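Student: I'd like to go through this one with you, starting with the charged side chains. Can we put it on screen?

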Amino acid sequence: IRHFRKRSSELELPIVTKDETPIQLLRIGDVDKTYYILEELINKGFYPMTAMYPAISKGDEGIRITITRHLTLQDIDQFLETLKTLL
């Protein structure tokens with residue numbers, strides 16, 4: 001979780017989640033763009049979820065990832081670098 005948050009910060013990805021929890025949300029801020037990025041991530045072999053209003057605040061729409069012990073640091077890095085490229 002700390003590695004995810006650190007790498008997200010280094011890549012200047014907007015983390016919405018304030019706490020160090022297994023579920024992290026990266027802000028996209030636009031519903032259509034969020035769905036586009038989700039589809040592209042799935043096409044590249046990643047399986048995150050979306051988070052949309054009304055479950056979260058308008059403008060915080062984005063990609064939600066659950067970090068488990070089954071993910072390697074390399075998995076996390078590849079995901080974040082792919083997301084950065086898509087943004």
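Tutor: Sure, and let's fix one term before we start: a salt bridge is a side-chain nitrogen of Lys or Arg within 4 Å of a carboxyl oxygen of Asp or Glu. Keep in mind that this is a predicted model.

Student: Which residues are linked in a network of salt bridges?

Tutor: Let's build it up from pairs. Glu10 and Lys6 meet through their side chains at 3.4 Å, N to O, and Arg7 does likewise with Glu81 at 3.2 Å. Add Asp77, and the linked set reads Lys6, Arg7, Glu10, Asp77 and Glu81.

Student: How many residues apart in sequence are the parts that Arg7 and Glu81 tie together?

Tutor: The two side chains form a salt bridge. Arg7 sits in helix H1 and Glu81 in helix H3, so the parts they tie together are separated in sequence by 74 residues.

Student: Is Arg7 buried or exposed?

Tutor: The cut-off for buried is under 20% relative accessible area. Its partner Glu81 has 39%, so it counts as partly exposed. Arg7 has 17%, so the word is buried.

Student: What about Arg2 and Glu20: how far apart are the N and O atoms in their salt bridge?

Tutor: Arg2 belongs to helix H1 and Glu20 to the loop between H1 and E1, so this pair joins parts 18 residues apart in sequence. Arg2 is exposed at 63% relative accessibility, while Glu20 is partly exposed at 47%. The N to O distance is 3.0 Å.

Student: Moving on to the sheet, which strands stand at the edges?

Tutor: The sheet is open and has three strands in the order E1-E3-E2, paired antiparallel. An edge strand here has a single partner, so one of its sides is left without a neighbour in the sheet; that describes E1 (23–27) and E2 (49–51).

Student: And what is the bridge partner of Gln24 in E3?

Tutor: E1 and E3 (residues 62–66) pair in the antiparallel sense over five bridges. For Gln24, the partner in E3 is Ile65.

Student: Last one: which element gives the largest share of the lining of the largest pocket?

Tutor: That pocket holds about 150 Å³ of space, and its lining has seven nonpolar, three polar and one charged residues. Ile65 turns up again here, among the lining residues. The elements giving two or more residues are E3 and helix H3 (73–86). The largest share, four residues, comes from H3.

Note on methods
Residues numbered from 1 in each chain as written. Predicted model: local features only at pLDDT ≥ 70, side-chain atom pairs only at ≥ 80, totals over all residues. Heavy atoms only, no water. Pairing = 2+ DSSP bridges. 1 Å grid on protein atoms, 1.4 Å probe; cavity = no way out; pocket = protein on both sides within 12 Å on 5 of 7 lines; lining within 4 Å. Points joined across faces, edges and corners; volume = space filled by probe spheres on them. Nonpolar A, V, L, I, M, F, W, Y, C, P; charged D, E, K, R; others polar. Buried < 20%, exposed > 50% of the residue type's maximum accessible area, 1.4 Å probe, protein only.
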